[in-house]
Amino acid sequence: MLINGAVAKNVFWQVGTAATIGQYTAFEGTIMAHDDISIGTGAFINGRLLSGAQPSGAGAVTLISNTVNLPLP
């Protein structure tokens, strides 16, 4: 839950390796992961999913029946 005037476009989560969001979760903000990002079935994302900071460009985002919305400007 975002409070005190916070908006999803200004919330960033920096993850050292991989990130996992559970099933049927509501998530706000941008995830920046070095490796993979896995989103559980039915999760709702209001933000961005950025992965693959390695020089090789490796990194994946796995989605299964999810809704991903870009945050409003």
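Visitor: How much area does the protein chain expose?
Guide: Accessible areas here come from the Shrake-Rupley method with a 1.4 Å probe, and for residues only the protein chains shown count as cover. This is a predicted model, in which local features need pLDDT of at least 70, side-chain atom pairs count only at pLDDT 80 or more, and totals for chains, interfaces and linings use all residues. Residues are numbered from 1 along each chain as its sequence is written, and side-chain values use heavy atoms, with hydrogens and water left out. Carbon and sulfur atoms supply 57% of the exposed area, which comes to about 4700 Å².

Visitor: Which elements make up the secondary structure of the protein chain, and in what order do they run?
Guide: Helices (H or I, at least four residues) and strands (E, at least two) are DSSP runs, numbered from the N terminus. The count is 0 helices and 7 strands. From the N terminus on, the order is therefore written β-β-β-β-β-β-β.

Visitor: Why does the radius of gyration of the protein chain agree with a compact globule?
Guide: The radius is taken over C-alpha atoms, and the globule rule is 2.2 Å times the number of residues to the power 0.38. The C-alpha atoms fill a box of roughly 40 × 25 × 20 Å along the principal axes. For 73 residues a compact globule would have a radius near 11 Å, and agreement follows because the protein chain has 12 Å.

Visitor: Which element gives the largest share of the largest nonpolar core?
Guide: A nonpolar core is a set of buried Ala, Val, Leu, Ile, Met, Phe, Trp, Tyr and Cys residues joined through side-chain atoms within 4.5 Å. The largest one has 10 residues, including Ala 19, Phe 27, Ile 31 and Leu 49. Two or more residues come from each of β2 (19–21), β3 (26–33), β4 (37–39) and β5 (44–51). The largest share, 3 residues, belongs to β3.

Visitor: Is Met 1 buried or exposed?
Guide: Buried means under 20% relative accessible area, exposed over 50%, and partly exposed in between (1.4 Å probe, protein chains only). Met 1 lies in the segment before β1 (12–15). Its relative accessibility is 93%, so Met 1 counts as exposed.

Visitor: Which residues is Leu 2 in contact with, leaving aside its neighbours within four places in sequence?
Guide: Leu 2 also lies in the segment before β1, and at 32% relative accessibility Leu 2 counts as partly exposed. Contact means heavy atoms within 4.5 Å. On that basis the partners of Leu 2 are Val 7, Ala 8, Val 11 and Glu 28.
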